[in-house]
Amino acid sequence: MDTTAAQPPAPHVADTHDLIRVQGARENNLKDIHLEIPKRRLTVFTGVSGSGKSSLVFATIAAESQRMINETYSAFLQGFMANLARPDVDLLEGLTTAIIVDQERMGANSRSTVGTATDVNAMLRIVFSRLGQPHVGSPQAFSFNVASISGAGAVTFERGGKAVKERRDFSITGGMCPRCEGMGTVNDIDLTALYDDSLSLNENALTIPGYTMDGWYGRIFRGCGFFDPDKAIRDYTKTELDDLLYKEPTKIKVDGINLTYSGLIPQIQKSYLSKDREAMQPHIRAFVDRAVTFTPCPECGGTRLNEGARSSRVAGINIAEACSMQISDLAMWVAGLSEPSMAPLLTALGHTLDSFVEIGLGYLSLDRPAGTLSGGEAQRTKMIRHLGSSLTDVTYVFDEPTIGLHPHDIERMNKLLLELRDKGNTVLVVEHKPEMIVIADHVVDLGPGAGSAGGEVVFEGTVAGLRASDTLTGRHLDDRAVLKETVRTPTGALEIRGATANNLRDVDVDVPLGVLVVVTGVAGSGKSSLVHGSIPAGENVVSIDQGAIRGSRRSNPATYTGLLDPIRKAFAKTNGVKPALFSANSEGACPNCNGAGVVYTDLGIMASVASPCEVCEGKRFQASVLEYHLGGRDISEVLAMSVTEAEEFFGSGEARTPAAHTILARLADVGLGYISLGQPLTTLSGGERQRLKLATHLGEKGGVYVLDEPTTGLHLADVENLLGLLDRLVDSGKSVIVVEHHQAVMAHADWIIDLGPGAGHDGGLVVFEGSPSELVADRSTLTGQHLAAYVGA
């Protein structure tokens with residue numbers, strides 16, 4: 001019998017490249033990792049926080065893929081792109097184009113909205129410029145970022161060797177509201193917060209921080225001649241008061257010195273209101289909060305658009321009304337427009353809006369400022385671009401896509417990731433939630449610990465194999481929290497009455513004090529609006545959100561938490577020198593690298609090279625400073641310690657420093673024992689940054705702590721430690737309010753407030769309040785059903 005005919009043909013050599021091979025990866029804490037990742041499959045990377053997941057997936061695989069794509073462009077184009085250095089890896093084979101969907105917040109530029117960030121506004125503007133009645137102009141006429149301007153004049157140019165003069169005129173019709181300049185809000189300054197009108201300037205009438213009569217301002221106000229500095233402000237004439245408050249910058253001469261005088265209002269707008277509120281010093285922020293109120297622009301009603309743009313309508317709706325609609329409603333409106341000449345554009349617009357709904361963001365509106373989106377919402381907004389893509393054989397890289405998602409929404413997210421895979425793409429996901437780990441085709445578990453104790457592959461294989469393995473993730477994968485048998489008794493209540501922020505529908509709720517309260521509900525149900533809108537951070541409230549930490553590559557956990565101050569003082573006291581010597585940003589800095597530890601060489605169009613400083617060998621300090629010791633260690637050795645080591649070092653013996661030890665104990669409490677004191681803040685993950693904030697606030701006097709998803713970026717094993725910390729906070733007499741989706745935290749709560757029933761205008765109501773066991777027994781809400789399944793009730 002001839003068997004040759006039955007033999008399948010040998011696979012084509014081009015079809016054999018079905019693995020991404022990583023050899024010798026050493027980025028950050030990775031310890032020479034060798035790995036093979038299957039293509040066209042869903043691979044999940046797990047491991048404790050700080051074990052090296054992001055270093056492997058983002059800083060090695062995705063970074064090299066992006067760098068190689070950038071190199072295909074011309075040198076001219078590369079000059080405009082971010083320069084990427086080659087990651088520290090021996091060999092990467094089988095890479096495909098990587099599309100990174102990370103959790104970085106979208107630009108908090110006040111002009112950036114959901115519509116502008118996703119290009120939906122650009123498509124809507126074309127729709128209105130073509131179909132809108134009356135016709136007001138090109139798509140620019142509907143843009144709140146384009147001002148209307150016109151001009152005319154003579155231009156001179158050479159033609160055929162002769163100078164020719166011609167008259168030219170131009171006009172641009174934009175949609176920007178002229179009153180608020182497209183910002184949607186105008187600021188109103190409370191004059192009583194600027195000065196005491198019963199006093200004269202010489203009697204220090206001005207109450208603006210820094211405006212004293214002893215310095216430059218005193219010289220300018222006394223010498224300008226526009227008013228009498230000895231006259232009480234209430235006695236000023238109309239002209240004098242106008243000059244004090246509103247005069248535009250004017251050159252003056254005082255004692256032979258040229259100076260510029262400008263009124264208080266232009267001065268405040270220039271020096272304070274143009275800055276980001278979060279970046280201000282606390283006393284200036286307090287002044288701005290007291291003196292300035294932001295109100296919707298009376299001319300455009302907060303729509304940012306001028307009258308012309310608002311007058312043009314399509315099917316009875318203008319562009320401002322379209323942008324303020326909930327996206328799920330807008331999608332239905334667009335579906336009802338039938339105009340054959342616009343068919344391709346309307347199809348694309350409808351498809352994008354449907355993607356918003358499909359991914360669980362149908363509750364947003366296009367005019368929502370991009371800076372107000374949470375990390376999870378920002379990540380899902382970025383996903384929208386890729387959902388309908390026809391590309392295949394692409395590597396999609398996701399960073400904890402379940403952040404900010406209710407268990408109900410996680411099911412939808414899983415479906416989307418599997419759809420991306422089934423199109424023939426490689427999907428790499430960094431994730432902690434067991435609901436997402438279980439759908440993986442392949443799992444890579446990193447560990448065994450965090451920081452220098454991690455960076456190794458402790459398991460790779462199937463989910464069943466992970467369960468059977470003895471790794472930390474494997475042991476905790478099937479952990480299920482149990483409901484508390486007894487709950488604490490509240491000591492009082494925080495009354496919220498008539499809350500209407502965003503989508504809240506006149507909510508009345510009593511938040512118990514002295515217990516652990518969890519506020520939950522599907523994404524977009526109104527949790528953050530209720531908590532952050534109705535419980536303002538004040539003297540008694542410490543609010544810790546997931547906003548990015550501001551800091552350069554010189555900032556590190558020691559500088560951010562204030563830990564460096566007691567350490568510097570301890571070194572200075574022991575050695576009899578001044579504390580400034582022990583700062584790499586001050587007198588002790590290595591003169592060659594200015595205390596950065598590395599020297600950057602700019603190579604123009606190529607990636608700039610960072611090489612360790614030859615003088616200080618990356619230690620950042622002058623050699624003379626390193627001769628001073630405390631407990632047998634110099635300052636650079638102390639900054640290289642992990643939090644756990646440093647806690648032991650400053651806890652006893654010659655180096656005993658109670659102030660430093662207290663801060664270190666807080667850092668260890670929030671699960672950051674593995675990070676080193678001198679690690680740049682820019683290398684911390686989102687979850688690590690939030691826990692660093694939590695550690696700095698633990699010492700504050702507030703009686704109420706408001707936390708926004710503190711389990712973000714936490715491994716299953718670390719969630720138990722966090723619950724222990726929350727318990728210790730409550731037992732010490734604090735009230736803890738947590739916005740959270742993690743079912744282990746819900747089960748551990750004393751009281752649950754569940755919002756819903758849906759998202760956007762389908763949410764905004766309190767659908768349940770009571771203990772976790774009552775929620776499970778009730779099962780009337782989505783949260784109750786999922787929590788019941790989770791605890792096996």
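Start by selecting Val 22 and Leu 35: Leu 35 in β2 is the bridge partner of Val 22. You are looking at a predicted model, where local features need pLDDT of at least 70, side-chain atom pairs count only at pLDDT 80 or more, and totals for chains, interfaces and linings use all residues. Residues are numbered from 1 along each chain as its sequence is written, and side-chain values use heavy atoms, with hydrogens and water left out.

Now widen the selection to strand β1, residues 19–25, which runs antiparallel to β2 and is joined to it by 5 bridges. Strands here are DSSP runs of E with at least two residues, helices are runs of H or I with at least four, and both are numbered from the N terminus. Two strands pair if DSSP finds at least two bridges between them.

Add β4 to see the whole sheet: 3 strands in the order β2-β1-β4, open and antiparallel in pairing. At the edges stand β2 (33–38) and β4 (89–93), each with a single partner strand, so one side of each has no neighbour in the sheet. On average, neighbouring strands are turned by 5° against each other, direction ignored.

Next, move to helix α11 (residues 327–335) and helix α12 (residues 343–358). Their axes lie 9 Å apart and they pack at about 155°; axes are lines fitted to C-alpha atoms, for helices over the stretch in contact, and angles run from 0 to 180 degrees between N-to-C directions. The two helices are therefore roughly antiparallel, a label for angles over 145 degrees. To see where they touch (heavy atoms within 4.5 Å), select Ile 327, Ser 328, Leu 330, Ala 331 and Val 334 of α11 with α12 residues including Leu 346, Gly 350 and Asp 354. This contact has 9 nonpolar, 2 polar and 1 charged residues; Ala, Val, Leu, Ile, Met, Phe, Trp, Tyr, Cys and Pro count as nonpolar, Asp, Glu, Lys and Arg as charged, and the others, Gly among them, as polar.

Keep α12 on screen and add helix α4, residues 120–131. Here the angle is about 145° and the axes are 10 Å apart. Val 120, Met 123, Leu 124, Ile 126 and Val 127 in α4 meet α12 residues, among them Leu 345, Ala 348 and Thr 352. By class, that makes 11 nonpolar, 1 polar and no charged residues.

Finally, zoom out and colour domain 3 (185–296) and domain 4 (479–549 + 696–792). Their C-alpha centres lie 44 Å apart, with bounds from an automatic or database domain assignment.

Key: Parallel < 35°, antiparallel > 145°, perpendicular 65-115°, else oblique.
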